[in-house]
Amino acid sequence: MKKLVKFGFLALISFLLLAACSSQDEEVNSSSAGDLVPQGAGQIETHSATENTESTEGQQTEVGFEMSGESIEEAANVPQEEQAAILEAFSTYIEAFNEEDIDTYMSVISSEPKGFSYETEHQFVKDTFEQYDTERIAEDVTIINYTEQEAQVYANIGINLAQSSTGGKASSSGRQVTVFAKEDGNWLVTSVYFIRD
């Protein structure tokens, strides 16, 4: 069985705290934002970043990306209107987190995500905003897979994290595929796949 790197994006924040103490390149595996290992309390499992999953239409799709330096190809079949809507949802997902706007951030999260728990994500985002100053930088944002009900958005992500109480800082970067599902006419985040560089 293929294993995957699948979690709500906020699991990465805990990873950054662990990564600051580690010199090895590691990948995070967590089924939700609540499946986090407290700082210094355990080891991170390593896995592949691809998985065959069942799409919202019941078809098998592959989610993920190569770890080698191959170029990322844009999906050719994305209607212009849908492309704009998907990229706007991704932009909102990144910007609302950076602005610590929990209501806007949660508005682009699926109420029934496949990769994490909505309620746990909400609580973790709230706790994160109270304890950390964070910045996510997305570059090379590309829609790499598209159907009428699902879109996969690739981006190179940089993360800067500062703990408010101690001033401690950590930075990391990696490659991410954010999977969006179309729900009631809106593109919402349903799962996230990330590999740290």
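Buried means under 20% relative accessible area, exposed over 50%, and partly exposed in between, with a 1.4 Å probe and protein chains only. The structure is a predicted model, in which local features need pLDDT of at least 70 and side-chain atom pairs count only at pLDDT 80 or more, while totals for chains, interfaces and linings use all residues. Residues are numbered from 1 along each chain as its sequence is written, and side-chain values use heavy atoms, with hydrogens and water left out.

**Exercise 1. Confidence**

State what average pLDDT the protein has, and over which residues the pLDDT is below 50.

Solution. Step one: pLDDT is the predictor's confidence in each residue, from 0 to 100. The protein averages 75, and 64% of the residues score at least 70. Step two: residues 1–57 have a pLDDT below 50, and this stretch has 148 contacts in the model beyond near neighbours in sequence; a contact means heavy atoms within 4.5 Å. Step three: where pLDDT is low, the predicted coordinates should not be read in detail.

**Exercise 2. Overall architecture**

Describe the pattern that the protein follows along the sequence, and the share of its residues that is buried.

Solution. Step one: helices (H or I, at least four residues) and strands (E, at least two) are DSSP runs, numbered from the N terminus. There are four helices and six strands, in the pattern α-β-β-α-α-α-β-β-β-β. Step two: of the 197 residues in the protein, 48% are buried. Step three: the accessible surface, from the Shrake-Rupley method with a 1.4 Å probe, comes to about 9800 Å², and carbon and sulfur atoms hold 42% of that surface. Step four: among contacts with a separation of 6 or more, 62% are between residues 24 or more positions apart.

**Exercise 3. Helix H2**

Give the reach of H2 from its first C-alpha to its last, and list its buried residues.

Solution. Step one: H2 has 19 residues and reaches 27 Å, close to the 27 Å expected at 1.5 Å a residue; the expected span is 1.5 Å times one less than the number of residues. Step two: the buried residues of H2 are Glu-82, Ile-86, Ala-89, Phe-90, Thr-92, Tyr-93, Ile-94, Ala-96 and Phe-97. Step three: an α-helix has 3.6 residues a turn, so residues three or four places apart point the same way. Step four: after H2 comes Glu-100, with a positive phi near 55°.

**Exercise 4. Salt bridges**

Identify the partners of Lys-182 and of Arg-175, and say which parts of the chain each pair joins.

Solution. Step one: a salt bridge is a side-chain nitrogen of Lys or Arg within 4 Å of a carboxyl oxygen of Asp or Glu. A search of the whole structure finds two. Step two: Lys-182 pairs with Glu-82, their closest N and O atoms lying 2.6 Å apart. This pair links distant parts of the chain, 100 residues apart: strand S5 (residues 169–183) holds Lys-182, and helix H2 (residues 80–98) holds Glu-82. Lys-182 is partly exposed at 22% relative accessibility, whereas Glu-82 is buried at 16%. Step three: Arg-175 and Asp-197 form a salt bridge at 3.2 Å, N to O. Because Arg-175 lies in strand S5 and Asp-197 in the segment after strand S6 (186–196), the pair ties together parts that are 22 residues apart in sequence. Arg-175 is buried, at 13% relative accessible area, while Asp-197 is partly exposed at 44%.

**Exercise 5. Strands S5 and S6**

Determine how S5 and S6 run, and how many residues of S6 are buried.

Solution. Step one: two strands pair if DSSP finds at least two bridges between them. S5 and S6 run antiparallel and are joined by 10 bridges; the bridge partner of Thr-178 in S6 is Val-192. Step two: S6 is mostly covered, with 10 of its 11 residues buried. Step three: the hairpin has two residues between the strands, and Asp-184 there takes a positive phi near 50°. Asp-184 is not a glycine and is exposed, at 82% relative accessibility.

**Exercise 6. Strand S3**

Describe the surroundings of Glu-135, and the phi of Asp-140.

Solution. Step one: Glu-135 is in strand S3 (residues 132–146) and is partly exposed, with a relative accessible area of 37%. Step two: leaving aside neighbours within four places in sequence, Glu-135 contacts Asn-98, Gly-158, Ile-159 and Asn-160. The C-alpha atoms of Glu-135 and Leu-161 are 6.6 Å apart, although 26 residues separate the two along the chain. Step three: Asp-140 is also placed in strand S3; its phi is positive, near 55°, in a residue other than glycine. Asp-140 is exposed, at 51% relative accessibility.
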